[in-house]
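Work through these short exercises with the structure in view. Try each task before reading its solution.

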Amino acid sequence: MIKLEHITLCYGDKLVLDRFSLELPAEGLTALSGPSGCGKTTLLRVMAGLERPEAGEVSGMDPARAALLFQEDRLLPWRRVRQHITDVLPRSRRGEGERWLAFAELEGEGDVYPAALSGGMARRLALARCAALGGEVLLLDEPFAGVDRTRTARLLDRLRGLGVPIVLATHQPQVLAACDAVIALEGPPLRRV
């Protein structure tokens, strides 16, 4: 189990997490579902070690070994599609670039720049780059925004095939239905429904 215990975090005077506790399965796909602004992104950032709470702790995972997909694609306009993948791979795995392009159904797009991609294609590239990092846990913030339903289903199958625990924040009913566990949330401050 991945455990978040008594996490408290504020942004200025806004209390986002107030002694928040949650247990997440250490396998399969777990969805965090809730309205925009309730604290799902903040929770993922705490799990990834990017936000330090005022109190509480995360156990059952090492944030340094997690891969986080941000809500924004964060693609570099001066790097080609293939380079976005190979840049994150260790030298010994650079030959895997085409595998990850196929994972994202971006075969044939390796030599173009991000400006030539549609929104859904850019999102799939960002997702493939995150998965290629090889994290022991994948933390995905709205991973299928702009991706059509058919591709989303295939990507979910491919993610499941990676064999690592995945925690994702989503509003999409199709994605929620495909996950092994769904945790309904509301806030702020973040709390289970």
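**Exercise 1.** In which sense do strand 1 and strand 4 pair, and over how many bridges?

Solution. The model is a predicted one. Start with strand 1, residues 2–11. Its pairing with strand 4 is antiparallel and runs over 4 bridges. Now pick one residue: E5 has E57 of strand 4 as its bridge partner.

**Exercise 2.** Find the strand order of the open sheet of 3 strands. Then name its edge strands.

Solution. The order reads 2-1-4, and the pairing is antiparallel. Strand 2 (14–24) and strand 4 (55–59) are the edges, as each pairs on one side only. On average, neighbouring strands are turned by 20° against each other, direction ignored. Next, add the helix: helix 1 (residues 40–47) packs on this sheet and touches strand 1, strand 2 and strand 4. Its direction makes about 115° with that of strand 1.

**Exercise 3.** Check the span of helix 4 (residues 119–132) against its number of residues.

Solution. Count the residues: there are 14. The rise is 1.5 Å a residue, taken over one less than that number, so the expected span is 20 Å. The end C-alpha atoms are 20 Å apart, which agrees. As for cover, 13 of the 14 residues are buried. After the helix comes G134, with a positive phi near 75°.

**Exercise 4.** Which side chain of opposite charge is nearest to R124, and how far away is it?

Solution. Locate R124 in helix 4. R124 is buried. The nearest side chain of opposite charge is E105, 5.3 Å away. A salt bridge needs a distance within 4 Å, so R124 has none. Leaving aside neighbours within four places in sequence, the contacts of R124 include A104, E105, V147 and L155.

Definitions and conventions: Residues numbered from 1 in each chain as written. Predicted model: local features only at pLDDT ≥ 70, side-chain atom pairs only at ≥ 80, totals over all residues. Heavy atoms only, no water. Helix = DSSP H or I, 4+ residues; strand = E, 2+ residues; numbered from the N terminus. Buried < 20%, exposed > 50% of the residue type's maximum accessible area, 1.4 Å probe, protein only. Pairing = 2+ DSSP bridges. Axes fitted to C-alpha atoms, helices over the stretch in contact; angles between N-to-C directions. Contact = heavy atoms within 4.5 Å. Lys, Arg positive; Asp, Glu negative; His and termini not counted.
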